[in-house]
2 protein chains.
Amino acid sequence: MPVGTVGSVKGVSQDVLEQLGVQILLGNTYHLYLRPGLDVVRRMGGLHRFMGWDRAILTDSGGFQVFSLNDLRKVTEEGVTFRSHLDGSTHFLSPERAMEIQIGLGADIIMAFDECTEHPADRERVRESMEMTLRWAARSKKYFEEHKEEVPWGDSRQPSAVSFQKHQVASDQWLVAGNRTVDEKTNHQSLITRHSAIATQALFGIVQGSMDRELRRESALRTIEIDFPGYAIGGLSVGEPRELTREIVESTLEHLPADKPRYLMGVGTPEEIALYARMGIDMMDCVLPTRAARHGLLFTSEGRISIKQARYAEDQSALDPECECSVCRRYSRAYLRHLYAANEILAQVLNSIHNLHFYMETMRRVREEMGTSH
Amino acid sequence: MPVGTVGSVKGVSQDVLEQLGVQILLGNTYHLYLRPGLDVVRRMGGLHRFMGWDRAILTDSGGFQVFSLNDLRKVTEEGVTFRSHLDGSTHFLSPERAMEIQIGLGADIIMAFDECTEHPADRERVRESMEMTLRWAARSKKYFEEHKEEVPWGDSRQPSAVSFQKHQVASDQWLVAGNRTVDEKTNHQSLITRHSAIATQALFGIVQGSMDRELRRESALRTIEIDFPGYAIGGLSVGEPRELTREIVESTLEHLPADKPRYLMGVGTPEEIALYARMGIDMMDCVLPTRAARHGLLFTSEGRISIKQARYAEDQSALDPECECSVCRRYSRAYLRHLYAANEILAQVLNSIHNLHFYMETMRRVREEMGTSH
């Protein structure tokens with residue numbers, strides 16, 4: 001999942017994301033809550049309609065950003081008080097508030113409000129934090145179940161955006177295909193409306209437990225007991241060695257049901273996403289492809305390239321000779337290096353498109369290799 | 001002509017420019033000379049190949065930027081000494097040097113080196129400046145005629161990129177169409193090569209004379225005497241009232257041959273480009289559509305919109321309900337306003353695409369109205 005922090009994957013238009021084959025985007029609840037704000041997005045019909053994106057969206061709970069962007073946060077059993085990184089104003093997030101916001105944003109998949117345990121932390125602290133995340137997960141689910149009908153989709157959306165799109169096209173075709181009677185049309189419309197009315201978001205639970213395998217196991221089992229349609233592994237990629245990340249993911253995966261989506265949060269490099277997908281992870285998100293692109297770091301079949309280097313100033317070859325993306329088919333390393341050196345906006349645009357393509361292609365290959373087509 | 005100052009129309013990829021129907025771009029000689037530098041572009045095979053753009057390109061002479069970006073310039077009969085706005089280094093531009101650079105950049109149309117007379121200026125100063133521009137025009141032509149074969153196109157380009165493209169496609173089709181004999185192929189290839197070998201750039205002259213109709217007339221007639229395949233009107237849009245610009249353009253046009261391209265430099269608003277096209281101007285360039293876009297100023301069929309305004313925060317309508325561009329078809333004013341307020345790169349990208357579409361559409365309508373199809 002490419003990351004569209006404030007409702008846009010930086011520098012890449014939704015048309016291009018579709019061309020790249022992106023099926024689902026991640027939006028950051030914390031950022032969207034602060035700007036443009038929950039009320040705006042809700043009144044605009046939810047995030048899909050607001051950003052003109054019919055395919056799927058997942059929003060995170062806001063917890064990770066509150067922890068990573070706010071030094072002055074105050075955590076209690078009730079929730080977290082924090083200051084906006086934009087204007088210093090004080091805000092409060094709790095499981096209930098995080099659900100209210102995510103229901104209002106209207107993503108297809110939303111996340112339980114969790115505490116991302118700092119690293120390193122001693123065992124007692126990790127257990128306390130994990131226990132609170134479990135209580136917050138139960139509160140998240142309770143609030144969600146009581147308010148899930150409040151999604152701002154109206155009659156205009158199904159939980160799976162893609163399937164809805166097909167449905168809508170078929171429906172429109174049906175309506176224009178012949179001279180339908182008013183009754184036929186009314187029947188047809190009420191069928192769609194009834195179908196839509198029962199459509200709600202999917203709330204995923206998050207496993208915590210830091211680097212402790214035993215606590216991870218306990219967190220997984222007790223989160224599954226609460227019962228969610230999908231499970232995420234949170235609290236990793238927080239500064240621990242990569243090998244430790246791998247070990248924790250592997251041992252945690254053993255306890256997660258294989259028939260439900262398993263989502264590893266905030267990971268990772270192209271090598272890592274391939275590795276974890278082979279292990280059984282179904283979903284990942286990371287700002288790396290787009291953030292690295294904006295800093296001129298490009299992923300290629302020949303390894304990483306820092307396009308700002310003078311060695312590329314007259315390099316006429318494609319960025320990645322094996323890549324079929326629109327950037328590699330048209331532009332040379334010399335041109336991309338020039339755009340970066342001249343601080344042209346197009347550098348960020350083209351670099352982001354290439355890196356996203358590289359990530360999408362990495363996953364396509366893993367799927368092919370594993371014999372899955374979706 | 002959209003302006004691609006340093007080899008890119010800011011924020012808009014070449015694919016999108018093609019989709020927008022852009023037939024010709026302007027590149028700034030001054031900027032390209034400083035970065036990436038003449039040698040790099042020349043060694044990369046010229047600007048077309050460097051930036052992956054097969055359609056036409058025009059480069060300006062560098063004169064206007066030297067005059068507008070350099071307070072410390074020193075002008076003599078020989079040429080202009082100036083300091084780089086990038087690093088303060090000292091450089092020298094003359095008619096000969098400007099030709100050498102523009103031949104090396106390899107645009108399809110290049111411009112004689114002129115002095116853009118400051119405004120206001122007294123009659124004596126305007127005459128002196130105009131006379132020097134005429135001497136520089138003759139020197140430009142002389143150098144060009146002696147060095148025009150030095151374009152870095154090799155056998156890979158015709159002067160009109162568009163016609164070459166068609167020719168190349170036809171040629172490729174011819175080659176694959178049947179089992180041509182080796183002799184046939186060789187004949188065919190040598191025909192192309194011979195055709196390419198005589199292909200050179202088109203050097204346009206520039207009419208100066210400030211706001212003085214009589215001096216404009218004299219400048220036009222004496223520039224025509226030097227004989228160029230196209231003529232530009234320079235030295236306007238330098239702070240004079242719009243009405244005066246119009247009068248000078250109108251009176252100068254009377255003296256320019258209608259069977260050769262007439263190019264009005266640095267103009268203008270959508271209303272102005274329509275006005276001047278109806279008067280007989282064939283070519284114009286302006287940074288306005290892209291620069292205004294980056295500042296959130298958008299052109300629509302209902303007038304100008306400053307998308308940063310809070311009044312658009314929840315405006316679900318398309319930016320321009322009558323516009324068929326990819327931005328207006330997909331996004332709301334509310335979303336564009338949010339992107340701008342959140343300082344997202346995509347704001348600049350989408351705003352630029354819309355404004356360029358508006359300009360292209362403005363010209364398309366004028367052509368239609370005037371019954372010309374090209």
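**Exercise 1.** What is the mean pLDDT of chain A, and what share of its residues reach 70 or more?

*Solution.* This is a predicted model, so start with confidence, since pLDDT is the predictor's confidence in each residue. Chain A has a mean pLDDT of 90. In that chain, 88% of residues reach 70 or more. Next, look for weak stretches. Residues 159-197 of chain A have pLDDT below 50. That stretch still makes 37 contacts in the model beyond near neighbours in sequence. Finally, take the scores for the model: ipTM is 0.90 and pTM is 0.90.

**Exercise 2.** Describe the extent of the contact between chain B and chain A.

*Solution.* Count residues. Chain B gives 40 residues and chain A gives 40 residues. Then take the area. About 3,500 Å² is buried between the two chains. Carbon and sulfur atoms account for 51% of that area.

**Exercise 3.** How many salt bridges cross the interface of chain B and chain A? Add an example and the polar contacts.

*Solution.* The rule finds eight. Take one pair: Arg330(B) with Glu18(A). Their closest N and O atoms lie 2.5 Å apart. The cut-off is 4 Å, so the pair qualifies. For polar contacts between chain B and chain A, the count is 25 residue pairs, both residues at pLDDT 80 or more.

Now place the chain B side. Helices H1 (14-19), H2 (29-43), H3 (47-51), H13 (326-330), H14 (333-341) and H15 (345-370) of chain B each supply at least two residues to the side touching chain A. Sort that side of chain B by class: 19 residues are nonpolar, eleven polar and ten charged.

How values were computed
Residues are numbered from 1 along each chain as its sequence is written. Chains are lettered from A and ligands numbered from 1 in the order in which they are written. This is a predicted model: local features need pLDDT of at least 70, side-chain atom pairs count only at pLDDT 80 or more; totals for chains, interfaces and linings use all residues. Side-chain values use heavy atoms; hydrogens and water are left out. Contact means heavy atoms within 4.5 Å. Buried area is the accessible area (1.4 Å probe) that two parts lose on being put together, summed over both. A salt bridge is a side-chain nitrogen of Lys or Arg within 4 Å of a carboxyl oxygen of Asp or Glu. A polar contact is a pair of N or O atoms within 3.5 Å; within protein, one must be able to donate a hydrogen and the other to accept it, and residues adjacent in sequence count only if both atoms are side-chain atoms. Helices (H or I, at least four residues) and strands (E, at least two) are DSSP runs, numbered from the N terminus. Ala, Val, Leu, Ile, Met, Phe, Trp, Tyr, Cys and Pro count as nonpolar, Asp, Glu, Lys and Arg as charged, and the others, Gly among them, as polar. pLDDT is the predictor's confidence in each residue, from 0 to 100.
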